[in-house]
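Thanks for sharing this one. Have a look at the fold first, and then go through my notes below.

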Amino acid sequence: MTVNNTFPAKLTAEWLHGQYASGMLSPEEVIHEIIRRAERDQAMNIWIEPPAEAHIRPYLEALGGMDLERYPLWGLPFAVKDNIDVQGLPTTAACPEYAYQPEADAAVVARLVAAGAIPVGKTNLDQFATGLVGVRSPYGETHNALRPEYISGGSSAGSAVAVARGQAVFSLGTDTAGSGRVPAALNGLVGYKPSLGAWPVRGVVPACASLDCVTVFAHNLDGALAVDRVARGFDAADPWSRAVKRRSAALPAKLLLPADPPGFYGPHADEYRQAWERAEAAVQAMGLPVERVDCTLFYEAAAILYEGPWVAERWAGLGAFVESHREAVLPVTASILSSGAAEQHTAASLFGAMHRLQGYKRAAELLLREAVLVLPTCGGTWTREQVAADPAGANSAMGRYTNHCNLLDLSALAVPAGDAAEDLPFGLTLFALADSEHLLAGAGAQLLVERLAPDEEAGMMTLAVCGLHMRGFPLEPQMLAHGARFWQTAQTAACYELVKLPTKPAKPGLLRQAQGGGAVELELWRMPVESLGSFAQLIPAPLGLGRVLLADGREVTGFICEGYAGAEAGAENITGYGGWRYVPA
(Lines give C-alpha, C1' and ligand atoms only; values in the text may rest on other atoms or scores of the structure.)
Protein backbone atom coordinates (compact mmCIF):
# COMPACT_ATOMS: atom_id res chain seq x y z
CA MET A 1 0.00 0.00 0.00
CA THR A 2 1.23 3.49 -0.82
CA VAL A 3 0.66 5.66 2.22
CA ASN A 4 -0.59 9.20 1.78
CA ASN A 5 0.38 11.14 4.90
CA THR A 6 -1.16 14.40 3.69
CA PHE A 7 -4.70 14.96 4.95
CA PRO A 8 -6.86 17.90 3.92
CA ALA A 9 -8.12 20.12 6.72
CA LYS A 10 -11.69 19.07 5.91
CA LEU A 11 -12.55 15.40 5.49
CA THR A 12 -15.25 14.63 2.92
CA ALA A 13 -16.86 11.40 1.84
CA GLU A 14 -15.79 11.97 -1.76
CA TRP A 15 -12.12 12.42 -0.90
CA LEU A 16 -11.99 9.46 1.49
CA HIS A 17 -13.81 7.17 -0.93
CA GLY A 18 -11.24 7.96 -3.60
CA GLN A 19 -8.35 7.38 -1.20
CA TYR A 20 -9.76 4.04 -0.07
CA ALA A 21 -10.55 2.87 -3.61
CA SER A 22 -7.03 3.68 -4.82
CA GLY A 23 -5.33 2.09 -1.82
CA MET A 24 -3.72 5.38 -0.83
CA LEU A 25 -5.23 5.30 2.66
CA SER A 26 -6.72 2.80 5.07
CA PRO A 27 -9.44 3.50 7.65
CA GLU A 28 -6.89 2.82 10.41
CA GLU A 29 -4.71 5.67 9.16
CA VAL A 30 -7.69 7.99 9.01
CA ILE A 31 -8.67 7.14 12.58
CA HIS A 32 -5.12 7.78 13.82
CA GLU A 33 -5.24 11.23 12.20
CA ILE A 34 -8.63 11.96 13.76
CA ILE A 35 -7.35 11.00 17.22
CA ARG A 36 -4.34 13.30 16.67
CA ARG A 37 -6.61 16.19 15.66
CA ALA A 38 -8.91 15.64 18.64
CA GLU A 39 -5.92 15.82 20.97
CA ARG A 40 -4.70 18.95 19.16
CA ASP A 41 -8.07 20.67 19.72
CA GLN A 42 -8.69 19.40 23.25
CA ALA A 43 -9.03 22.95 24.63
CA MET A 44 -11.95 23.63 22.26
CA ASN A 45 -14.24 21.32 24.31
CA ILE A 46 -15.58 19.47 21.27
CA TRP A 47 -15.86 16.01 22.81
CA ILE A 48 -17.33 14.40 25.90
CA GLU A 49 -16.09 10.95 24.86
CA PRO A 50 -13.22 11.76 22.44
CA PRO A 51 -12.06 9.41 19.68
CA ALA A 52 -10.08 6.49 21.14
CA GLU A 53 -8.71 3.45 19.37
CA ALA A 54 -10.02 1.01 21.99
CA HIS A 55 -13.61 1.95 21.22
CA ILE A 56 -13.13 2.28 17.48
CA ARG A 57 -11.15 -0.92 16.89
CA PRO A 58 -14.20 -3.27 16.59
CA TYR A 59 -15.66 -1.07 13.84
CA LEU A 60 -12.39 -1.13 11.93
CA GLU A 61 -12.22 -4.92 12.18
CA ALA A 62 -15.81 -5.24 10.93
CA LEU A 63 -14.90 -3.37 7.73
CA GLY A 64 -12.74 -6.31 6.67
CA GLY A 65 -15.85 -8.29 5.82
CA MET A 66 -17.59 -5.43 4.01
CA ASP A 67 -17.14 -4.48 0.34
CA LEU A 68 -16.26 -0.82 -0.20
CA GLU A 69 -18.51 -0.56 -3.25
CA ARG A 70 -21.52 -2.24 -1.65
CA TYR A 71 -21.64 -0.28 1.61
CA PRO A 72 -22.29 3.39 0.88
CA LEU A 73 -20.69 4.78 4.07
CA TRP A 74 -17.75 2.35 4.21
CA GLY A 75 -14.97 3.66 6.40
CA LEU A 76 -16.50 7.10 6.96
CA PRO A 77 -15.88 8.37 10.52
CA PHE A 78 -18.77 10.20 12.15
CA ALA A 79 -19.37 12.00 15.44
CA VAL A 80 -22.46 11.53 17.61
CA LYS A 81 -24.07 14.13 19.83
CA ASP A 82 -24.04 12.86 23.39
CA ASN A 83 -27.80 12.66 23.75
CA ILE A 84 -27.86 9.86 21.14
CA ASP A 85 -27.01 6.32 22.25
CA VAL A 86 -23.88 4.52 21.05
CA GLN A 87 -23.42 1.07 22.55
CA GLY A 88 -20.27 0.86 24.63
CA LEU A 89 -20.15 4.58 25.42
CA PRO A 90 -22.11 6.38 28.17
CA THR A 91 -24.87 8.80 27.24
CA THR A 92 -24.71 11.93 29.41
CA ALA A 93 -26.77 14.64 27.66
CA ALA A 94 -24.00 16.89 29.08
CA CYS A 95 -24.95 16.05 32.67
CA PRO A 96 -22.52 13.60 34.35
CA GLU A 97 -25.02 12.59 37.04
CA TYR A 98 -27.58 11.69 34.35
CA ALA A 99 -25.18 9.29 32.56
CA TYR A 100 -26.22 5.75 31.69
CA GLN A 101 -24.81 2.89 29.63
CA PRO A 102 -27.10 2.15 26.67
CA GLU A 103 -27.79 -1.49 25.88
CA ALA A 104 -27.93 -0.82 22.13
CA ASP A 105 -27.20 1.83 19.52
CA ALA A 106 -29.84 4.41 18.77
CA ALA A 107 -31.81 3.29 15.71
CA VAL A 108 -30.20 5.85 13.41
CA VAL A 109 -26.67 5.00 14.64
CA ALA A 110 -27.34 1.30 14.00
CA ARG A 111 -28.36 2.06 10.41
CA LEU A 112 -25.23 4.10 9.75
CA VAL A 113 -22.95 1.45 11.24
CA ALA A 114 -24.67 -1.22 9.12
CA ALA A 115 -23.79 0.89 6.06
CA GLY A 116 -20.08 0.89 7.01
CA ALA A 117 -19.76 4.16 8.94
CA ILE A 118 -17.56 4.40 12.06
CA PRO A 119 -18.79 6.25 15.19
CA VAL A 120 -15.64 7.80 16.63
CA GLY A 121 -16.93 9.48 19.80
CA LYS A 122 -19.60 11.49 21.62
CA THR A 123 -19.73 15.26 21.27
CA ASN A 124 -20.42 18.13 23.65
CA LEU A 125 -23.78 19.91 23.72
CA ASP A 126 -25.87 22.43 25.58
CA GLN A 127 -27.03 20.46 28.61
CA PHE A 128 -30.15 18.37 27.85
CA ALA A 129 -30.14 19.95 24.36
CA THR A 130 -31.54 23.15 25.91
CA GLY A 131 -29.87 26.05 24.13
CA LEU A 132 -28.73 27.42 20.78
CA VAL A 133 -25.38 28.84 21.86
CA GLY A 134 -23.07 25.89 22.70
CA VAL A 135 -21.82 27.25 26.03
CA ARG A 136 -24.20 25.53 28.47
CA SER A 137 -22.19 22.46 29.36
CA PRO A 138 -20.27 21.32 32.46
CA TYR A 139 -17.77 19.84 29.98
CA GLY A 140 -16.80 23.35 28.89
CA GLU A 141 -17.89 25.87 26.29
CA THR A 142 -17.44 24.54 22.77
CA HIS A 143 -15.40 27.05 20.76
CA ASN A 144 -16.32 28.18 17.29
CA ALA A 145 -14.32 26.26 14.65
CA LEU A 146 -13.00 29.43 13.00
CA ARG A 147 -12.86 32.06 15.74
CA PRO A 148 -12.67 30.46 19.17
CA GLU A 149 -13.77 33.59 21.04
CA TYR A 150 -17.20 33.28 19.37
CA ILE A 151 -19.98 30.82 20.11
CA SER A 152 -20.22 27.57 18.18
CA GLY A 153 -24.00 27.49 18.20
CA GLY A 154 -25.96 24.77 19.93
CA SER A 155 -27.23 22.63 21.19
CA SER A 156 -25.35 20.36 18.74
CA ALA A 157 -22.16 22.31 19.34
CA GLY A 158 -19.50 19.61 19.35
CA SER A 159 -21.05 17.75 16.43
CA ALA A 160 -20.73 20.75 14.13
CA VAL A 161 -17.25 21.76 15.26
CA ALA A 162 -15.96 18.17 14.96
CA VAL A 163 -16.84 18.20 11.25
CA ALA A 164 -15.59 21.74 10.68
CA ARG A 165 -12.25 20.89 12.33
CA GLY A 166 -11.70 17.75 10.26
CA GLN A 167 -12.38 15.24 13.03
CA ALA A 168 -15.30 13.56 11.27
CA VAL A 169 -16.72 13.35 7.75
CA PHE A 170 -20.22 13.95 9.08
CA SER A 171 -21.90 14.10 12.44
CA LEU A 172 -25.27 13.56 14.07
CA GLY A 173 -27.02 16.32 15.95
CA THR A 174 -30.55 16.80 17.14
CA ASP A 175 -32.96 19.61 16.38
CA THR A 176 -35.96 20.78 18.37
CA ALA A 177 -35.69 24.56 18.01
CA GLY A 178 -32.81 24.91 15.53
CA SER A 179 -29.95 22.89 17.03
CA GLY A 180 -29.23 21.15 13.72
CA ARG A 181 -29.12 24.43 11.79
CA VAL A 182 -27.63 27.22 13.94
CA PRO A 183 -24.28 25.39 14.49
CA ALA A 184 -24.14 24.68 10.75
CA ALA A 185 -24.42 28.37 9.94
CA LEU A 186 -21.87 29.50 12.52
CA ASN A 187 -19.26 26.93 11.42
CA GLY A 188 -19.72 27.06 7.63
CA LEU A 189 -21.46 23.70 7.17
CA VAL A 190 -24.52 22.16 5.58
CA GLY A 191 -27.13 21.13 8.15
CA TYR A 192 -29.97 18.87 7.05
CA LYS A 193 -33.09 18.56 9.23
CA PRO A 194 -35.47 15.94 7.85
CA SER A 195 -39.20 15.95 8.44
CA LEU A 196 -40.46 14.94 11.85
CA GLY A 197 -40.34 11.15 12.14
CA ALA A 198 -38.51 10.59 8.85
CA TRP A 199 -35.45 9.44 10.83
CA PRO A 200 -36.14 7.39 13.97
CA VAL A 201 -35.51 9.02 17.36
CA ARG A 202 -35.44 5.75 19.30
CA GLY A 203 -32.37 5.87 21.51
CA VAL A 204 -32.33 9.68 21.74
CA VAL A 205 -32.70 11.49 25.08
CA PRO A 206 -35.85 13.55 24.52
CA ALA A 207 -35.75 17.32 24.77
CA CYS A 208 -39.29 17.87 23.54
CA ALA A 209 -40.31 14.43 22.31
CA SER A 210 -43.08 15.49 19.93
CA LEU A 211 -40.71 17.88 18.11
CA ASP A 212 -37.28 16.21 18.27
CA CYS A 213 -35.39 15.29 15.09
CA VAL A 214 -32.00 13.69 14.49
CA THR A 215 -29.98 15.74 11.98
CA VAL A 216 -26.72 15.63 10.07
CA PHE A 217 -23.84 18.08 9.57
CA ALA A 218 -21.57 17.75 6.52
CA HIS A 219 -19.32 19.86 4.32
CA ASN A 220 -21.61 19.58 1.30
CA LEU A 221 -25.17 18.75 0.37
CA ASP A 222 -24.27 15.48 -1.30
CA GLY A 223 -22.64 14.26 1.90
CA ALA A 224 -25.71 15.13 3.95
CA LEU A 225 -28.08 13.43 1.49
CA ALA A 226 -25.90 10.29 1.43
CA VAL A 227 -26.51 9.98 5.17
CA ASP A 228 -30.21 10.67 4.66
CA ARG A 229 -30.47 7.76 2.24
CA VAL A 230 -29.26 5.40 4.97
CA ALA A 231 -30.90 6.95 8.04
CA ARG A 232 -34.38 7.44 6.60
CA GLY A 233 -37.14 4.90 7.12
CA PHE A 234 -40.02 3.85 9.33
CA ASP A 235 -39.16 2.24 12.65
CA ALA A 236 -42.05 0.25 14.13
CA ALA A 237 -40.41 0.29 17.58
CA ASP A 238 -40.35 4.12 17.62
CA PRO A 239 -43.74 5.68 18.50
CA TRP A 240 -42.73 8.95 16.82
CA SER A 241 -41.62 7.34 13.56
CA ARG A 242 -43.53 7.75 10.31
CA ALA A 243 -42.92 6.85 6.70
CA VAL A 244 -41.78 9.95 4.78
CA LYS A 245 -40.83 8.90 1.27
CA ARG A 246 -37.56 10.15 -0.19
CA ARG A 247 -38.18 11.57 -3.66
CA SER A 248 -35.78 12.59 -6.41
CA ALA A 249 -34.51 16.16 -6.09
CA ALA A 250 -36.56 18.75 -7.97
CA LEU A 251 -36.82 22.51 -8.20
CA PRO A 252 -39.74 24.26 -6.50
CA ALA A 253 -42.34 26.15 -8.47
CA LYS A 254 -41.30 29.32 -6.64
CA LEU A 255 -39.04 30.70 -3.94
CA LEU A 256 -40.41 32.78 -1.09
CA LEU A 257 -38.54 35.70 0.51
CA PRO A 258 -39.74 37.81 3.44
CA ALA A 259 -41.60 40.96 2.45
CA ASP A 260 -40.12 42.90 5.36
CA PRO A 261 -36.33 42.93 5.82
CA PRO A 262 -35.25 40.52 8.57
CA GLY A 263 -33.89 41.98 11.79
CA PHE A 264 -30.25 41.46 12.74
CA TYR A 265 -28.47 41.54 16.09
CA GLY A 266 -25.14 41.16 17.84
CA PRO A 267 -21.78 42.88 17.28
CA HIS A 268 -21.84 42.11 13.55
CA ALA A 269 -25.43 43.10 12.80
CA ASP A 270 -24.45 45.40 9.93
CA GLU A 271 -22.21 42.77 8.32
CA TYR A 272 -24.96 40.16 8.66
CA ARG A 273 -27.45 42.54 7.01
CA GLN A 274 -25.08 43.05 4.08
CA ALA A 275 -24.50 39.28 3.81
CA TRP A 276 -28.27 38.76 3.68
CA GLU A 277 -28.61 41.32 0.91
CA ARG A 278 -25.94 39.51 -1.14
CA ALA A 279 -27.57 36.15 -0.51
CA GLU A 280 -31.00 37.51 -1.34
CA ALA A 281 -29.67 38.75 -4.67
CA ALA A 282 -28.27 35.27 -5.35
CA VAL A 283 -31.68 33.72 -4.64
CA GLN A 284 -33.37 36.14 -7.02
CA ALA A 285 -30.80 35.31 -9.73
CA MET A 286 -31.55 31.58 -9.66
CA GLY A 287 -34.03 31.86 -12.50
CA LEU A 288 -37.05 30.70 -10.49
CA PRO A 289 -40.14 32.78 -9.73
CA VAL A 290 -39.65 34.72 -6.48
CA GLU A 291 -42.53 35.91 -4.33
CA ARG A 292 -42.39 38.26 -1.35
CA VAL A 293 -44.50 37.00 1.56
CA ASP A 294 -45.57 38.12 5.01
CA CYS A 295 -43.61 35.94 7.47
CA THR A 296 -45.60 36.95 10.55
CA LEU A 297 -47.12 33.49 10.92
CA PHE A 298 -43.65 31.94 11.21
CA TYR A 299 -42.53 34.42 13.85
CA GLU A 300 -45.73 34.01 15.86
CA ALA A 301 -45.48 30.22 15.67
CA ALA A 302 -41.86 30.45 16.86
CA ALA A 303 -42.94 32.33 19.98
CA ILE A 304 -45.14 29.42 21.05
CA LEU A 305 -42.16 27.12 21.57
CA TYR A 306 -40.80 28.73 24.73
CA GLU A 307 -43.57 31.17 25.65
CA GLY A 308 -46.28 28.53 25.40
CA PRO A 309 -46.97 25.14 26.98
CA TRP A 310 -44.46 23.17 24.90
CA VAL A 311 -41.83 24.02 27.51
CA ALA A 312 -43.98 21.90 29.84
CA GLU A 313 -43.24 18.91 27.59
CA ARG A 314 -39.55 19.34 28.39
CA TRP A 315 -40.41 19.43 32.09
CA ALA A 316 -42.53 16.30 31.74
CA GLY A 317 -39.53 14.42 30.41
CA LEU A 318 -36.81 15.77 32.71
CA GLY A 319 -38.58 17.36 35.67
CA ALA A 320 -38.20 14.41 38.03
CA PHE A 321 -34.44 14.29 37.43
CA VAL A 322 -34.02 18.06 37.83
CA GLU A 323 -35.96 18.11 41.10
CA SER A 324 -33.84 15.34 42.60
CA HIS A 325 -30.49 16.53 41.18
CA ARG A 326 -30.63 20.32 41.35
CA GLU A 327 -26.90 20.59 42.02
CA ALA A 328 -26.13 18.61 38.83
CA VAL A 329 -28.07 20.89 36.47
CA LEU A 330 -26.66 24.21 35.27
CA PRO A 331 -28.66 27.16 36.68
CA VAL A 332 -29.63 28.49 33.23
CA THR A 333 -30.78 25.01 32.14
CA ALA A 334 -32.71 24.43 35.36
CA SER A 335 -34.41 27.81 35.00
CA ILE A 336 -35.62 27.04 31.47
CA LEU A 337 -36.79 23.54 32.27
CA SER A 338 -38.46 24.57 35.52
CA SER A 339 -40.48 27.20 33.70
CA GLY A 340 -42.44 24.28 32.29
CA ALA A 341 -43.91 23.72 35.77
CA ALA A 342 -45.42 27.22 35.90
CA GLU A 343 -49.08 27.47 36.89
CA GLN A 344 -50.15 29.05 33.60
CA HIS A 345 -49.36 25.84 31.70
CA THR A 346 -52.74 24.25 32.23
CA ALA A 347 -54.58 21.72 30.10
CA ALA A 348 -56.75 24.56 28.82
CA SER A 349 -53.72 26.65 27.84
CA LEU A 350 -52.24 23.65 26.03
CA PHE A 351 -55.35 23.14 23.93
CA GLY A 352 -55.59 26.86 23.25
CA ALA A 353 -52.02 26.85 21.95
CA MET A 354 -52.63 23.68 19.92
CA HIS A 355 -55.64 25.25 18.23
CA ARG A 356 -53.72 28.44 17.47
CA LEU A 357 -50.82 26.41 16.12
CA GLN A 358 -53.15 24.39 13.90
CA GLY A 359 -54.18 27.62 12.22
CA TYR A 360 -50.55 28.49 11.60
CA LYS A 361 -49.94 25.01 10.18
CA ARG A 362 -52.76 25.35 7.68
CA ALA A 363 -51.56 28.80 6.62
CA ALA A 364 -48.01 27.47 6.18
CA GLU A 365 -49.29 24.50 4.21
CA LEU A 366 -51.10 26.76 1.75
CA LEU A 367 -48.18 29.18 1.48
CA LEU A 368 -45.46 26.54 0.98
CA ARG A 369 -47.22 24.19 -1.43
CA GLU A 370 -44.62 23.52 -4.18
CA ALA A 371 -42.54 26.37 -2.74
CA VAL A 372 -39.41 26.88 -0.64
CA LEU A 373 -39.06 29.67 1.93
CA VAL A 374 -35.61 31.25 2.35
CA LEU A 375 -34.59 32.97 5.58
CA PRO A 376 -31.32 33.75 7.34
CA THR A 377 -30.36 30.84 9.58
CA CYS A 378 -29.18 33.31 12.21
CA GLY A 379 -29.53 37.07 12.37
CA GLY A 380 -26.14 37.46 14.02
CA THR A 381 -23.71 35.93 16.45
CA TRP A 382 -22.02 36.71 19.76
CA THR A 383 -18.73 36.26 21.52
CA ARG A 384 -18.83 33.74 24.32
CA GLU A 385 -18.18 36.59 26.74
CA GLN A 386 -21.23 38.48 25.47
CA VAL A 387 -23.43 35.40 25.91
CA ALA A 388 -22.19 35.06 29.49
CA ALA A 389 -23.36 38.63 30.14
CA ASP A 390 -26.87 37.97 28.74
CA PRO A 391 -27.40 34.21 28.46
CA ALA A 392 -31.18 34.26 28.02
CA GLY A 393 -31.37 37.20 25.63
CA ALA A 394 -28.55 36.04 23.37
CA ASN A 395 -29.93 32.51 23.17
CA SER A 396 -33.44 33.75 22.38
CA ALA A 397 -32.15 35.91 19.53
CA MET A 398 -30.39 32.91 17.95
CA GLY A 399 -33.75 31.14 17.54
CA ARG A 400 -35.57 34.00 15.82
CA TYR A 401 -35.58 32.29 12.40
CA THR A 402 -35.47 28.67 13.54
CA ASN A 403 -37.98 28.03 16.34
CA HIS A 404 -41.04 27.75 14.11
CA CYS A 405 -39.80 24.85 12.00
CA ASN A 406 -40.71 21.71 13.92
CA LEU A 407 -43.86 23.17 15.42
CA LEU A 408 -45.12 23.68 11.87
CA ASP A 409 -43.94 20.21 10.74
CA LEU A 410 -41.50 21.59 8.17
CA SER A 411 -38.27 20.18 6.78
CA ALA A 412 -35.20 22.41 6.56
CA LEU A 413 -31.81 22.69 4.92
CA ALA A 414 -29.15 25.09 6.23
CA VAL A 415 -26.50 26.06 3.65
CA PRO A 416 -23.42 28.30 3.75
CA ALA A 417 -23.84 31.63 1.98
CA GLY A 418 -20.50 33.37 2.17
CA ASP A 419 -19.08 35.29 5.12
CA ALA A 420 -20.56 38.14 7.14
CA ALA A 421 -17.04 39.12 8.24
CA GLU A 422 -13.62 37.50 8.25
CA ASP A 423 -13.99 33.91 9.49
CA LEU A 424 -17.63 34.54 10.45
CA PRO A 425 -19.76 32.44 8.07
CA PHE A 426 -23.24 33.51 7.05
CA GLY A 427 -25.93 30.93 6.32
CA LEU A 428 -29.36 30.57 4.79
CA THR A 429 -32.07 28.08 5.70
CA LEU A 430 -34.49 26.70 3.13
CA PHE A 431 -37.85 25.51 4.49
CA ALA A 432 -40.34 23.16 2.83
CA LEU A 433 -43.33 21.08 3.83
CA ALA A 434 -42.78 17.64 5.34
CA ASP A 435 -43.61 15.91 2.04
CA SER A 436 -41.45 18.29 0.00
CA GLU A 437 -37.90 17.57 1.13
CA HIS A 438 -37.01 16.91 -2.51
CA LEU A 439 -37.54 20.61 -3.20
CA LEU A 440 -34.92 21.46 -0.58
CA ALA A 441 -32.44 19.16 -2.32
CA GLY A 442 -33.09 20.69 -5.72
CA ALA A 443 -33.12 24.33 -4.65
CA GLY A 444 -30.18 23.84 -2.29
CA ALA A 445 -28.03 22.23 -4.96
CA GLN A 446 -28.65 24.99 -7.46
CA LEU A 447 -28.12 27.72 -4.91
CA LEU A 448 -24.86 26.24 -3.64
CA VAL A 449 -23.27 25.48 -6.98
CA GLU A 450 -24.47 28.11 -9.35
CA ARG A 451 -24.84 31.14 -7.07
CA LEU A 452 -23.01 30.68 -3.79
CA ALA A 453 -19.91 28.88 -5.03
CA PRO A 454 -16.73 30.02 -3.22
CA ASP A 455 -14.24 32.30 -4.93
CA GLU A 456 -11.95 29.41 -5.84
CA GLU A 457 -14.72 28.08 -8.10
CA ALA A 458 -14.10 30.90 -10.55
CA GLY A 459 -13.07 29.48 -13.89
CA MET A 460 -14.57 26.07 -13.08
CA MET A 461 -17.49 24.31 -14.75
CA THR A 462 -19.65 21.34 -13.84
CA LEU A 463 -19.17 18.18 -15.92
CA ALA A 464 -21.45 15.13 -15.66
CA VAL A 465 -19.79 11.73 -16.20
CA CYS A 466 -21.60 8.40 -16.24
CA GLY A 467 -19.04 5.70 -17.12
CA LEU A 468 -15.33 4.96 -17.23
CA HIS A 469 -14.37 8.47 -16.08
CA MET A 470 -16.11 8.04 -12.72
CA ARG A 471 -14.20 7.48 -9.48
CA GLY A 472 -12.50 4.10 -9.34
CA PHE A 473 -12.85 3.40 -13.08
CA PRO A 474 -9.98 3.18 -15.59
CA LEU A 475 -10.32 6.67 -17.09
CA GLU A 476 -10.54 8.59 -13.82
CA PRO A 477 -6.86 9.61 -14.28
CA GLN A 478 -7.89 11.58 -17.40
CA MET A 479 -10.19 13.67 -15.21
CA LEU A 480 -7.51 14.26 -12.61
CA ALA A 481 -4.90 15.09 -15.25
CA HIS A 482 -7.15 17.88 -16.53
CA GLY A 483 -7.50 19.44 -13.09
CA ALA A 484 -10.97 18.06 -12.41
CA ARG A 485 -12.16 17.10 -8.95
CA PHE A 486 -15.16 15.08 -7.90
CA TRP A 487 -18.00 17.12 -6.46
CA GLN A 488 -21.10 14.95 -5.90
CA THR A 489 -23.28 12.15 -7.19
CA ALA A 490 -26.54 13.05 -8.93
CA GLN A 491 -29.30 11.61 -11.06
CA THR A 492 -30.51 12.47 -14.51
CA ALA A 493 -34.10 13.34 -15.16
CA ALA A 494 -36.22 10.25 -15.85
CA CYS A 495 -35.94 10.61 -19.65
CA TYR A 496 -32.70 8.80 -20.45
CA GLU A 497 -31.66 5.39 -21.76
CA LEU A 498 -28.33 3.95 -20.67
CA VAL A 499 -26.83 1.43 -23.08
CA LYS A 500 -23.77 -0.79 -22.96
CA LEU A 501 -21.83 -0.16 -26.15
CA PRO A 502 -20.19 -3.18 -27.86
CA THR A 503 -16.69 -1.70 -27.53
CA LYS A 504 -13.49 -2.97 -25.94
CA PRO A 505 -13.51 -2.18 -23.13
CA ALA A 506 -17.28 -1.90 -22.83
CA LYS A 507 -18.49 1.59 -22.02
CA PRO A 508 -21.90 3.17 -21.47
CA GLY A 509 -23.79 5.57 -23.65
CA LEU A 510 -26.41 8.00 -22.36
CA LEU A 511 -29.23 8.79 -24.79
CA ARG A 512 -32.08 11.20 -24.12
CA GLN A 513 -35.51 9.87 -25.07
CA ALA A 514 -38.45 11.76 -26.47
CA GLN A 515 -40.75 9.40 -24.57
CA GLY A 516 -40.10 6.96 -21.74
CA GLY A 517 -36.65 6.33 -20.33
CA GLY A 518 -35.50 6.37 -16.72
CA ALA A 519 -33.23 8.12 -14.24
CA VAL A 520 -29.52 7.25 -14.30
CA GLU A 521 -26.99 7.87 -11.55
CA LEU A 522 -23.92 9.85 -12.58
CA GLU A 523 -21.16 11.92 -11.03
CA LEU A 524 -20.70 15.67 -11.18
CA TRP A 525 -17.12 16.91 -11.35
CA ARG A 526 -15.72 20.45 -11.37
CA MET A 527 -13.23 21.00 -14.21
CA PRO A 528 -11.29 24.13 -15.21
CA VAL A 529 -12.98 25.71 -18.23
CA GLU A 530 -9.62 26.03 -19.96
CA SER A 531 -9.15 22.23 -19.81
CA LEU A 532 -12.41 21.30 -21.51
CA GLY A 533 -11.15 21.59 -25.10
CA SER A 534 -8.20 19.25 -24.68
CA PHE A 535 -10.31 16.83 -22.63
CA ALA A 536 -13.05 16.70 -25.29
CA GLN A 537 -10.50 15.64 -27.90
CA LEU A 538 -9.94 12.41 -25.95
CA ILE A 539 -13.59 11.31 -26.23
CA PRO A 540 -14.17 8.77 -29.03
CA ALA A 541 -17.34 8.57 -31.15
CA PRO A 542 -20.18 7.83 -30.66
CA LEU A 543 -19.65 9.60 -27.35
CA GLY A 544 -19.37 13.35 -26.97
CA LEU A 545 -20.24 16.27 -24.74
CA GLY A 546 -23.66 17.90 -24.66
CA ARG A 547 -26.30 19.13 -22.22
CA VAL A 548 -27.60 16.68 -19.63
CA LEU A 549 -30.85 17.33 -17.76
CA LEU A 550 -30.64 16.45 -14.05
CA ALA A 551 -33.44 15.29 -11.80
CA ASP A 552 -33.48 18.62 -9.94
CA GLY A 553 -34.10 20.56 -13.16
CA ARG A 554 -30.57 21.82 -13.80
CA GLU A 555 -28.85 21.36 -17.14
CA VAL A 556 -25.11 20.72 -17.09
CA THR A 557 -22.43 19.79 -19.60
CA GLY A 558 -21.92 16.03 -19.68
CA PHE A 559 -21.28 12.85 -21.61
CA ILE A 560 -23.94 11.92 -24.16
CA CYS A 561 -24.15 9.32 -26.90
CA GLU A 562 -25.25 9.77 -30.50
CA GLY A 563 -28.56 8.11 -31.28
CA TYR A 564 -27.25 5.86 -34.06
CA ALA A 565 -25.33 3.80 -31.49
CA GLY A 566 -28.36 2.82 -29.41
CA ALA A 567 -30.16 -0.47 -28.93
CA GLU A 568 -31.01 -0.77 -32.64
CA ALA A 569 -27.27 -0.92 -33.40
CA GLY A 570 -26.73 -3.80 -30.99
CA ALA A 571 -26.08 -1.89 -27.77
CA GLU A 572 -27.58 -3.49 -24.65
CA ASN A 573 -30.17 -1.44 -22.75
CA ILE A 574 -28.95 -1.34 -19.14
CA THR A 575 -31.13 1.52 -17.85
CA GLY A 576 -32.73 -0.80 -15.32
CA TYR A 577 -29.50 -1.09 -13.34
CA GLY A 578 -29.73 2.61 -12.48
CA GLY A 579 -26.15 3.47 -13.40
CA TRP A 580 -22.89 2.10 -14.80
CA ARG A 581 -21.51 1.45 -11.32
CA TYR A 582 -24.20 -1.17 -10.71
CA VAL A 583 -23.86 -3.11 -13.98
CA PRO A 584 -22.36 -6.59 -13.39
CA ALA A 585 -18.84 -6.97 -14.76
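**Notes on the model**

1. I began with helix H7, whose buried residues are Leu-221, Asp-222, Gly-223, Ala-224, Leu-225, Val-227, Asp-228, Val-230 and Ala-231. That makes nine buried out of 11, leaving the helix mostly covered. Buried here means under 20% relative accessible area, exposed means over 50%, and partly exposed lies in between (1.4 Å probe, protein chains only). After H7 comes Gly-233, with a positive phi near 140°.

2. A word on the basis of these notes: this is a predicted model, in which local features need pLDDT of at least 70 and side-chain atom pairs count only at pLDDT 80 or more, while totals for chains, interfaces and linings use all residues. Residues are numbered from 1 along each chain as its sequence is written, and side-chain values use heavy atoms, with hydrogens and water left out.

3. Helix H4 (residues 107–114) buries Ala-107, Val-108, Val-109 and Leu-112. Its buried residues pack against H7 (221–231) as well as strands S2 (77–81), S4 (170–175) and S6 (213–218). Gly-116 follows H4 and has a positive phi, near 105°. Helices (H or I, at least four residues) and strands (E, at least two) are DSSP runs, numbered from the N terminus.

4. Please look at Trp-199 too. Beyond its neighbours within four places in sequence, its contacts (heavy atoms within 4.5 Å) include Val-108, Val-227, Asp-228 and Ala-231. Val-108 is one of the buried residues of H4, and the other three are among those of H7.

5. Which residues have the most contacts inside the largest nonpolar core? They are Phe-170, Trp-199, Met-398 and Leu-428, in a core of 108 residues. Helix H16 (residues 437–451) gives the most to this core, with seven residues. A second, separate core has 38 residues, among them Phe-486 and Tyr-496. Such a core is a set of buried Ala, Val, Leu, Ile, Met, Phe, Trp, Tyr and Cys residues joined through side-chain atoms within 4.5 Å.

6. Turning to the surface, Phe-351 belongs to helix H12 (residues 347–368). Its relative accessible area is 46%, so Phe-351 counts as partly exposed.

7. For the whole chain, I count 18 helices and 19 strands. The radius of gyration (over C-alpha atoms) is 24 Å, close to the 25 Å that the globule rule (2.2 Å times the number of residues to the power 0.38) gives for 585 residues, so the chain is as compact as a globular protein of that length. Buried residues make up 60% of the chain.
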